[in-house]
Amino acid sequence: MAWDPALYLHYADERLRPALDLLARVPLVRPGHVVDLGCGAGNVTALLKHRFPAARVTGIDDSAPMLARAREAAPDCSFAQADIAAWTPAQKPDLLYSNAALHWLGGHDALFPRLLATLAPGGVLAVQMPAMHDAPIRARQHEVAAHGPWATLLTGVGSAPPILSPEAYWDLLRPHCAALDFWETTYLHALQGEDAVVQWAMGTSLRPFLAPLPAELREGFLAAYRAAVAPCYPRRPDGTTLLAFRRLFLVATVGVASSS
Ligand SMILES: C[S@@+](CC[C@H](N)C(=O)[O-])C[C@H]1O[C@@H](n2cnc3c(N)ncnc32)[C@H](O)[C@@H]1O
């Protein structure tokens, strides 16, 4: 199931907040070249251009529907379709920014040092990733996938792989950078609507499980998943559903004397 910009942006405010929190900690004043890795629908790319109006801002994503939306959202930025795993910049960026995208890729032991090495001297790698693999919204997906008439079709299917521990990212990055700003935040997203947690997951982590299923099995899978997550995220008396969502942030600055 391809990325659906409209479904993803259903909770645009909630998904934007960590992007802004990350951007607020970027310690650059006038970067010349900014890259938004996994730019999605481009709403955050537009904010990067707004914060750094003199910069050349480029969005990279491998989803054609997301890029089509991004080109509308940020007409004064440029965009390219590429797999981040294989992407290298033609010119060293001053800022590599990535909100809620790099957790979709494995191999972080190699990926993160490689991204750092692409930066211009004094450049910054700023990344936010969900740390939600064990949370019910994610864990129940695997449990439901393994039991039911869809189990055979979903053998071996998974969503974004677990990210590394905070300590592992620290040890991986610290030797390669002059400064490392590093924190976690658990947001309590106050979601409205009947089916809020399922709607949230359908915009992101549930996509790989729904993609292989024919329509009739998809409905059954969604009903089973809905029943499985409901006790974990009870609606409050006012109708709100609180979704606790933990995210890891890192802002790594490489030395000015280093070009690697
Ligand atoms: C959850 S969205 C985040 C979009 C945007 N950064 C934001 O904050 O709204 C994740 C995006 O990462 C992209 N993505 C995932 N894996 C990718 C890869 N290997 N190469 C390029 N883009 C990728 C997806 O296509 C999707 O648009």
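**Strands, loops and a ligand shell**

Student: In this predicted model, how many bridges pair strand β4 with strand β5, and in which sense?
Tutor: Take β4 as residues 95-99 and β5 as residues 124-130. One of the links to look at is Tyr97, whose bridge partner in β5 is Ala126. The two strands run in the parallel sense, and the count of bridges is five.

Student: Where do those two sit in the sheet, and which strands stand at its edges?
Tutor: The sheet is open, has seven strands with mixed pairing, and runs β3-β2-β1-β4-β5-β7-β6. Each edge strand has a single partner, so one side of it is left without a neighbour in the sheet. From one strand to the next the twist averages 20 degrees. The edge strands are β3 (78-81) and β6 (179-191).

Student: What about β1: how many of its residues are buried?
Tutor: In a regular strand, side chains alternate between the two faces of the sheet. On one side of β1 you find His33, Val35 and Leu37, and on the other Val34 and Asp36, with both faces covered. For β1, residues 33-37, the buried count is five of five.

Student: Which residue of β2 is the bridge partner of Val35?
Tutor: β1 pairs with β2, residues 56-61, in the parallel sense over five bridges. Val35 is itself one of the buried residues of β1. Its bridge partner in β2 is Thr58.

Student: Ala100 caught my eye. Is it buried or exposed?
Tutor: Start with where Ala100 is: the loop between β4 and α5 (108-117). Most residues other than glycine have a negative phi. Ala100 is not a glycine, yet its phi is positive, about 60 degrees. Because 20 or more other C-beta atoms within 10 Å is the cut-off and Ala100 has 21, it counts as buried.

Student: And Thr118, which residues does it contact beyond its sequence neighbours?
Tutor: Thr118 lies in the loop between α5 and β5, and with 18 other C-beta atoms within 10 Å it is partly exposed. Ala90 is 28 residues away in sequence, with the C-alpha atoms 9.5 Å apart. Leaving aside neighbours within four places, the contacts of Thr118 are Thr88, Pro89, Lys92, Pro93 and Leu96.

Student: Which residues does Pro166 touch, again skipping those up to four places away?
Tutor: Pro166 belongs to helix α7, residues 166-173. It has 15 C-beta neighbours inside 10 Å, so it counts as partly exposed. Leu23, 143 residues along the chain from it, is 20 Å off by C-alpha atoms. The residues Pro166 touches are Glu184 and Leu248.

Student: Now the ligand: which residues come nearest?
Tutor: There are 21 residues around the ligand. That shell divides into twelve nonpolar, five polar and four charged residues. Coming nearest are Gly38, Gly40, Ser63, Ala101 and Trp104.

Student: Stepping back, what radius of gyration does the protein chain have?
Tutor: The chain comes to ten helices and seven strands, and its C-alpha atoms fill a box of roughly 55 × 40 × 40 Å along the principal axes. Buried residues make up 38% of the 260. A compact globule of 260 residues would have a radius near 18 Å, and the chain agrees with that, at 19 Å.

Technical notes. Residues numbered from 1 in each chain as written. Predicted model: local features only at pLDDT ≥ 70, side-chain atom pairs only at ≥ 80, totals over all residues. Helix = DSSP H or I, 4+ residues; strand = E, 2+ residues; numbered from the N terminus. Rg over C-alpha atoms; globule rule 2.2 N^0.38 Å. Buried ≥ 20, exposed ≤ 12 C-beta atoms within 10 Å, placed from the backbone. Near = placed C-beta within 6 Å. Nonpolar A, V, L, I, M, F, W, Y, C, P; charged D, E, K, R; others polar. Pairing = 2+ DSSP bridges. Axes fitted to C-alpha atoms, helices over the stretch in contact; angles between N-to-C directions. Contact = placed C-beta atoms within 7 Å.
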